[in-house]
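Me: I should like to learn how to read a structural model of this kind, one feature at a time. May we begin once the model is displayed?

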Amino acid sequence: MARRLIPILLALAVMGAVTGVAAIMLVFLGQDWDDALFWILAAVMLGAALLVVTMRDIIRCGLAMIVCFAALAGIYVLIGAPLIAATQVIVYIGAISVLILFAIMLTQTKDAPSRLVFQTQAVPAAFASIVIAVVIALAVGATDWGAVAKRIRLATDALSQLLFHDFVLPFEIVSVLLLAAVIGGVFLAKREPGGPS
Amino acid sequence: MSDNLDAYLVLSGLLFAIGSFGFLARRNAISMLMSIELMLNAVNLAIVAFGAFIPALGAQGSVIALIVIAVAAAEATVGLAIVIAIFRNKRTPLVDEYDAMRQ
């Protein structure tokens with residue numbers, strides 16, 4: 001019984017921490033809702049991404065990936081692109097996550113969670129990724145992008161006009177690419193008659 | 001912070017770094033594919049942020065992000081099919097045991 005309560009308590013603790021941080025930011029630091037939402041969604045997204053790359057049980061990695069994609073969809077809404085957020089929810093959470101979870105269930109052996117998670121190059125890999133993050137941050141800070149200081153909210157009709165008029169050739173090419181990928185995926189994962197089991 | 005392009009770009013860079021760490025360090029092939037998805041999402045966030053903060057781009061950033069999402073779906077399909085095909089032959093999802101080309 002106590003073991004069953006641990007995840008519930010953990011979830012309550014996380015929700016309480018998020019609410020507390022939001023309350024502190026709104027009441028004491030005098031920031032507005034957008035900033036509080038930005039920090040909360042960014043923290044949830046980065047935390048879920050870290051769980052994806054470090055957790056031992058790969059099913060939980062897949063579920064953490066769904067949380068990461070959902071937080072990213074929230075950031076898209078915050079940034080002023082609700083259509084991209086809807087596409088993110090439909091394609092990533094609805095389709096790709098289910099595909100990955102099915103692939104996990106098809107390919108994992110029973111002793112897989114007890115095996116070593118990381119390769120021997122994990123420490124150099126961590127060092128390299130920290131270097132990547134620092135270099136990107138420095139480059140972002142040093143460059144003048146010519147950006148305005150206010151988000152431009154995106155009108156969906158302007159986007160559809162652009163997508164189905166100016167970008168119609170890439171759109172059609174992507175549809176052909178998706179068809180080719182579906183056929184290729186079915187062909188690759190198909191079991192040959194008389195092949196190995 | 002939420003009205004600042006740099007914040008979104010640094011966030012995207014951090015997500016990309018986490019994804020690259022997962023791709024380099026994990027042993028499981030599907031974990032590596034999940035890390036690739038994280039990196040694609042990071043790039044998508046950067047593209048949408050550019051589109052939302054630079055007026056000259058207009059809605060083009062969002063169109064490019066939609067196309068990137070579709071290509072990422074195609075990539076995930078083919079990649080997972082390849083992993084399943086290899087698993088059927090080698091009986092393991094761990095990439096450092098795929099050493100048939102080494103001998």
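Me: Which residues of helix 4 of chain A are buried?

Reply: Please bear in mind that this is a predicted model. To read burial, one counts neighbours: a residue is buried if 20 or more other C-beta atoms lie within 10 Å of its own. In helix 4 of chain A, the buried residues are Ile84(A), Ala85(A), Thr87(A), Gln88(A), Tyr92(A), Ile96(A), Ser97(A), Ile100(A), Ala103(A), Ile104(A) and Thr107(A).

Me: What covers the buried residues of helix 4 of chain A?

Reply: Both chains contribute to the cover, which includes helix 3 of chain A as well as helix 2 and helix 3 of chain B.

Me: Where is the kink in helix 4 of chain A centred?

Reply: The centre is Ser97(A), where the helix bends by about 30°. Ser97(A) is also among the buried residues of this helix. End to end, the 26 residues of helix 4 reach 35 Å between the first and last C-alpha, close to the 38 Å expected at 1.5 Å a residue.

Me: How many residues of each chain take part in the contact between chain A and chain B?

Reply: On chain A, 81 residues are in contact with 66 residues of chain B. Helices 2, 3, 4, 5, 6 and 7 of chain A each supply at least two residues of the side that touches chain B. By class, that side of chain A has 63 nonpolar, 13 polar and 5 charged residues.

Me: Which residues have the most contacts inside the largest nonpolar core?

Reply: The general idea comes first. In soluble globular proteins, nonpolar side chains tend to be buried together. Here the largest nonpolar core has 71 residues, and those with the most contacts inside it are Val52(A), Cys68(A), Leu15(B), Leu45(B), Val48(B) and Ala49(B). Helices 2, 3 and 4 of chain A and helices 1, 2 and 3 of chain B each supply at least two residues of this core. Helix 2 of chain B gives the largest share, 16 residues.

Me: Which residues does Leu15(B) touch, not counting residues up to four places away in sequence?

Reply: From chain A, Leu15(B) touches Met45(A), Leu46(A) and Ala49(A); from chain B, Leu38(B), Asn41(B), Ala42(B) and Leu45(B).

Me: What is the order of the elements in chain B, and how does one read the overall form of that chain?

Reply: Chain B has 3 helices and 0 strands, and from the N terminus the order is α-α-α. For overall form, one compares the radius of gyration with that of a globule: a compact globule of 103 residues would have a value near 13 Å, whereas chain B has 17 Å. The box filled by the C-alpha atoms of chain B, along the principal axes, is roughly 55 × 25 × 20 Å. Of the 103 residues, 58% count as buried. Helix 3 of chain B has 31 residues and spans 44 Å between its first and last C-alpha, close to the expected 45 Å.

Me: Which residue just after helix 3 of chain B takes a positive phi?

Reply: Arg91(B) does, with a phi of about 65°, although it is not a glycine.

Me: Why does Arg91(B) count as exposed?

Reply: A residue is exposed if 12 or fewer other C-beta atoms lie within 10 Å. Arg91(B) counts as exposed because it has 12 C-beta neighbours inside 10 Å.

Me: Is Glu192(A), in the segment after helix 7 of chain A, buried or exposed?

Reply: Glu192(A) is exposed, because 8 other C-beta atoms lie within 10 Å.

Methods
Residues are numbered from 1 along each chain as its sequence is written. Chains are lettered from A and ligands numbered from 1 in the order in which they are written. This is a predicted model: local features need pLDDT of at least 70, side-chain atom pairs count only at pLDDT 80 or more; totals for chains, interfaces and linings use all residues. Two residues are in contact if their C-beta atoms, placed from the backbone, lie within 7 Å. Helices (H or I, at least four residues) and strands (E, at least two) are DSSP runs, numbered from the N terminus. Ala, Val, Leu, Ile, Met, Phe, Trp, Tyr, Cys and Pro count as nonpolar, Asp, Glu, Lys and Arg as charged, and the others, Gly among them, as polar. The radius of gyration is taken over C-alpha atoms; the globule rule is 2.2 Å times the number of residues to the power 0.38. The expected span of a helix is 1.5 Å times one less than its number of residues. A nonpolar core is a set of buried Ala, Val, Leu, Ile, Met, Phe, Trp, Tyr and Cys residues joined through C-beta atoms within 7 Å. The bend at a residue is the angle between axes fitted to the seven residues ending there and the seven starting there.
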